[in-house]
Amino acid sequence: MHPRDQTIFALSSGRPPSAIALVRASGPQAQEIVTALAGKLPSPRTATRVLLTDVGQRPIDDAVVLWFPGPASATGEDVAEFHVHGGRAVLAALFAALSGFENVRAAEPGEFTRRAFENGKLDLTEAEGLDDLIHADTDRQRRQALLQLKGLLGDKARDWRVRIIEASALIEAAIDFSDEGDVPAELIAPALAKVKALRTEIEEVLAEQGRSERLRDGLVVAIAGPPNVGKSTLMNQLARREVAIVSPHAGTTRDVIEVQLDLDGYPVTVIDTAGIRETDDPVEQEGVRRARARAADADLVLWLSDSPQVAADHQWDAPIWRVRNKIDLEEAGRPMAESANDGSFQISASRGDGVPDLITALVGFAQNYFGGSEGGLIGRTRQRKLLEDTTASLRRCVEVVGQGEELAAEELRRAAHSLGRLLGRVDVEDILDVIFREFCIGK
């Protein structure tokens with residue numbers, strides 16, 4: 001039997017132990033399974049309390065069961081849900097009972113969602129949105145992923161594809177009536193008008209500069225500077241917990257330490273790097289090399305020092321903010337000047353002075369960096385590449401129409417094919433495994 005014809009099951013809730021655990025089964029034998037374990041077939045989409053028993057009539061658990069006959073289910077197949085107590089022993093007994101049925105097996109990662117895609121319940125952009133929703137760390141990421149799951153890009157792509165097909169039909173008709181005098185010209189002109197308008201619309205989406213992709217991946221901020229200037233202390237202040245070892249001895253941080261932060265809903269990865277200095281210690285040399293390399297890949301560098309005379313030792317492509325630390329050690333405790341508007345700040349990482357202002361500035365930087373990405377259509381590089389291919393085909397359609405309507409029609413077929421790949425409806429078997437294996441088991 002082909003794996004797609006088998007019935008699959010998996011734990012679809014969190015790791016045990018838990019108060020309640022959700023186990024789903026999907027496939028042609030789901031009805032047989034729920035009838036055997038529950039002793040009856042519950043009414044569709046109605047929560048039913050039953051005593052689950054295995055094939056030997058030994059009790060498994062007092063549970064709630066739901067039955068979703070296909071195609072009106074999440075996967076488009078018959079689906080059974082078992083809401084049981086979330087103890088390991090309960091789940092082990094239920095899994096053993098499910099495995100006892102012929103052609104029933106544990107699901108692979110993403111297999112439920114893949115079956116939903118294959119049965120037309122989701123297009124590929126919605127499946128990717130579901131994956132992003134599962135992995136969302138901040139509220140803004142969650143909202144953007146939810147829009148994708150609800151078809152923000154998929155609905156647009158389907159509309160674009162329909163319009164391409166309409167333009168293609170006009171050009172094909174012009175080809176068919178090429179011997180009818182002025183008929184082809186009357187058909188080509190409105191077709192090209194549709195193509196030009198559509199190309200402009202898609203290019204406007206592409207012009208968003210990848211901000212939606214940025215929100216998905218997050219902003220990277222590197223804390224760099226000489227040894228023993230308080231980089232780890234600042235990292236702990238930003239994280240509001242001790243994630244890095246703080247020591248008065250120079251060279252304590254030898255490797256790159258990362259922490260994920262949620263700054264006003266924006267995902268930010270803050271990196272604490274080794275102190276940058278000349279050293280004969282081979283281990284510290286490697287730490288300095290990694291610090292410079294990681295800062296080079298960052299979107300923003302906080303150059304931390306305890307003296308206004310210490311300038312950044314390297315010119316990175318990313319913006320560099322000068323952050324002067326240890327202002328609490330200034331003589332006579334005189335107040336320091338306010339943080340400037342030119343990317344320079346004065347703080348005490350140990351006491352917290354000036355840190356709120358720095359965080360506020362980081363939030364402002366994130367707002368500008370991500371822009372209005374929450375409603376952005378494009379969330380992945382794959383999506384952007386296929387839309388770029390679409391606009392390229394539309395551009396060539398207009399360019400070659402004077403050389404022959406057949407060439408223009410071929411470019412429109414390519415454009416429609418690119419949008420079909422975007423939705424996952426044509427020629428995408430090679431990328432499905434890559435996409436769905438990123439899902440967790442049970443989804």
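This passage walks through the salt bridges of a predicted model and the packing of two of its helices.

A good place to begin is with the charged side chains. The predicted model contains 27 salt bridges. One of them joins Asp62 and Arg49, whose side chains meet with an N to O distance of 2.6 Å. This pair links distant parts of the chain, since Asp62 belongs to strand S4 (residues 59-68) and Arg49 to strand S3 (residues 48-53), with their positions 13 residues apart in the numbering. As for their surroundings, Asp62 has a relative accessibility of 33% and therefore counts as partly exposed. Arg49, at 64%, counts as exposed.

Other salt bridges sit within a single helix. In helix H3 (residues 111-118), Glu111 and Arg115 are four residues apart, about one turn of the helix. Their side chains form a salt bridge with an N to O distance of 3.7 Å. Both Glu111 and Arg115 are buried, each having a relative accessible area under 20%.

Helix H12 offers another example. Here Asp389 forms a salt bridge with Lys385, and the closest N and O atoms are 2.9 Å apart. Because Asp389 and Lys385 are four residues apart in H12 (residues 381-400), about one helical turn separates them. Asp389 is partly exposed, with a relative accessibility of 25%, and Lys385 is also partly exposed, with a relative accessible area of 44%.

Salt bridges can also join into a network. Such a network links Glu172, Arg396, Glu410, Glu411, Arg413 and Arg414. Among these residues, Arg396 in H12 and both Glu411 and Arg414 in H13 also appear in the contact between the two helices.

That contact deserves a look of its own. H12 packs against helix H13 (residues 405-423) with the axes 8 Å apart and at an angle of about 170°. Because angles over 145 degrees count as roughly antiparallel, H12 is roughly antiparallel to H13. On the H12 side, the residues in contact include Leu386, Leu387, Leu394, Cys397 and Val400. On the H13 side, they include Leu407, Ala408, Leu412, Ala415, Leu419 and Leu422. By class, the contact has eleven nonpolar, four polar and six charged residues. Asp389, the partner of Lys385 in the salt bridge described above, is one of the H12 residues that meet H13.

Methods:
Residues are numbered from 1 along each chain as its sequence is written. This is a predicted model: local features need pLDDT of at least 70, side-chain atom pairs count only at pLDDT 80 or more; totals for chains, interfaces and linings use all residues. Side-chain values use heavy atoms; hydrogens and water are left out. A salt bridge is a side-chain nitrogen of Lys or Arg within 4 Å of a carboxyl oxygen of Asp or Glu. Buried means under 20% relative accessible area, exposed over 50%, partly exposed in between (1.4 Å probe, protein chains only). Axes are lines fitted to C-alpha atoms, for helices over the stretch in contact, and angles run from 0 to 180 degrees between N-to-C directions. Angles under 35 degrees count as roughly parallel, over 145 as roughly antiparallel, 65 to 115 as roughly perpendicular and the rest as oblique. Contact means heavy atoms within 4.5 Å. Ala, Val, Leu, Ile, Met, Phe, Trp, Tyr, Cys and Pro count as nonpolar, Asp, Glu, Lys and Arg as charged, and the others, Gly among them, as polar.
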